[in-house]
Amino acid sequence: MSKPKSNNKKTISVALTLCLVCSVLVSAAAVGLKPSQVENARLDRNKNILVAAGMFDSASDTNEDVAERFKDFDIKIVNLNKGNYLDDEALEAVGIADRNTYDISQATKNQALSEDLGDNDPASIGRKPKYAKVYVKNDDAGKPEMVVLPIQGYGLWGTIYGFLTLEGDMNTIKGISFYEHKETPGLGARIEEPKWRAMWTGIHSYDESGEVATGVSTSGSKENWVDGISGATLTSRGVSNMIQFWLGEQGYKPYLDQVREETGQTIDNTNARAKPVSYKKLGQNPTPHLAQQQTHPVTELASIAPVVHGKEA
């Protein structure tokens, strides 16, 4: 008895049908999960805003707490060059359909909503958005109690995204958070650690002349600056450049100056914390002889083991 001949056409037909069925199922699942993905992304963004504002405790707060507390913030769109808010008519005129869904990272990809920074690009973002979304929490009198500013800049491996919160004086830093990055785990990724982020709280953004007065120190003690992370010099430098860019004239400074003027405030650093607690004091268990030497926030990071292999330095 002869063996049946293989039918190549039938084999290919079955394979194509199987691929088609699988493609339909995957597409259906992607479409069906899209609303949940969008909602999760929105929740994560709002949670990070509250983290930067000091209004979220990961140990006890729930998603419902996030939704309720986020209601305290007004979402505003700012003209970065002029420093003023855009009303609904102005938003429509510049092509922003919805202030709630506006994203500065997406705006940098739109030539109408951004401008090329050329060689003047310390944060290495390529293009600067013309308009930024800020989150303002007002006090009972209607004056800004705090403002949360989206920030972004290039680290070691890619763009770092986060939020920086200033208190009502538009000068004192209340908190910072980072929600997306590609930094090295155990090194640059430590920018997410609460103990490192806590070092920013209470320092001032500007000196009395209005110049940016803070950043991340990677080479020795520097008053009013934050410790760099040992073994992650390039990440630390990237965060420093990002902070200085967004607090500077190219970033939010025109806006912050205008808010300060409208509320009748001047830059006053007398109440700002001159020397934030060092990263080593915040839980790195220094040896007794090192603990006695801790007199400034930019000292003991060198005692943390540096990288032997890898590109962080």
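A salt bridge is taken here as a side-chain nitrogen of Lys or Arg within 4 Å of a carboxyl oxygen of Asp or Glu. Arg260 forms such a bridge with Asp257, and the closest N and O atoms of the two are 2.9 Å apart. The model is predicted.

## Salt bridges

Side chains of opposite charge can pair when their charged atoms come close. The structure holds 8 salt bridges, and three of them are listed here, including the one already named.

| Salt bridge | N to O distance |
|---|---|
| Asp88 and Arg99 | 2.6 Å |
| Lys253 and Glu249 | 3.6 Å |
| Arg260 and Asp257 | 2.9 Å |

Asp88 and Arg99 belong to distant parts of the chain, 11 residues apart: Asp88 is in helix H3 (residues 88–94), while Arg99 is in the loop between H3 and helix H4 (104–107). Is Asp88 buried or exposed? Asp88 counts as exposed because its relative accessibility is 54%. Arg99, with a relative accessible area of 19%, is buried, since the cut-off for buried is under 20%.

The bridge between Arg260 and Asp257 lies within one helix. Both residues are in helix H7 (residues 253–262), 3 residues apart, which is about one turn of the helix. Arg260 has 5% relative accessibility and therefore counts as buried. Asp257 is partly exposed, at a relative accessible area of 27%.

Lys253 meets Glu249 through their side chains in a salt bridge. Lys253 counts as buried, with 11% relative accessibility, whereas Glu249 is exposed, with a relative accessible area of 54%. Which residues make up the network of salt bridges? Glu249, Lys253, Asp257 and Arg260 are linked in this way.

## Gln258 in helix H7

Gln258 is also placed in helix H7. Its relative accessible area of 26% makes Gln258 partly exposed. Apart from neighbours within four places in sequence, Gln258 is in contact with Lys82, Gly83 and Asn84. Lys82 is 176 residues from Gln258 along the chain, yet the C-alpha atoms of the two are separated by 8.9 Å.

## The five-stranded sheet

Strands of a sheet pair through backbone hydrogen bonds, either parallel or antiparallel. In this model, 5 strands form an open sheet in the order S1-S4-S5-S6-S7, and their pairing is antiparallel. Which strands stand at the edges? S1 and S7 do, each with a single partner strand, so one side of each has no neighbour in the sheet. On average, and with direction ignored, neighbouring strands of the sheet are turned by 25° against each other.

At one edge, S1 and strand S4 (residues 131–138) pair in the antiparallel sense over 7 bridges. Within this pairing, Lys76 stands opposite Val134 in S4. Although S1 is an edge strand, 5 of the 7 residues of S1 (residues 73–79) are buried, so the strand is largely enclosed by the rest of the structure.

At the other edge, S6 and S7 run antiparallel and are joined by 6 bridges. One bridge pair is formed by Leu166 and its partner Ile173 in S7. Helix H6 (residues 233–247) packs on the sheet, where it touches strand S5 (144–154), S6 and S7. The direction of H6 makes about 130° with that of S5.

## Residues with positive phi

Most residues other than glycine have a negative phi, and most peptide bonds are trans. Two residues with a positive phi are described here.

Met170 has a phi near 55°, a positive value in a residue other than glycine. Where is Met170 found? Met170 is in the loop between strand S6 (159–167) and strand S7 (173–180), the two strands that run antiparallel with 6 bridges between them. With a relative accessible area of 0%, Met170 is buried.

Asn224 has a phi near 75°, also positive in a residue other than glycine. Its place is the loop between strand S8 (216–217) and strand S9 (226–227). Asn224 counts as buried because its relative accessibility is 4%.

Terms used. Residues are numbered from 1 along each chain as its sequence is written. This is a predicted model: local features need pLDDT of at least 70, side-chain atom pairs count only at pLDDT 80 or more; totals for chains, interfaces and linings use all residues. Side-chain values use heavy atoms; hydrogens and water are left out. Helices (H or I, at least four residues) and strands (E, at least two) are DSSP runs, numbered from the N terminus. Buried means under 20% relative accessible area, exposed over 50%, partly exposed in between (1.4 Å probe, protein chains only). Contact means heavy atoms within 4.5 Å. Two strands pair if DSSP finds at least two bridges between them. Axes are lines fitted to C-alpha atoms, for helices over the stretch in contact, and angles run from 0 to 180 degrees between N-to-C directions.
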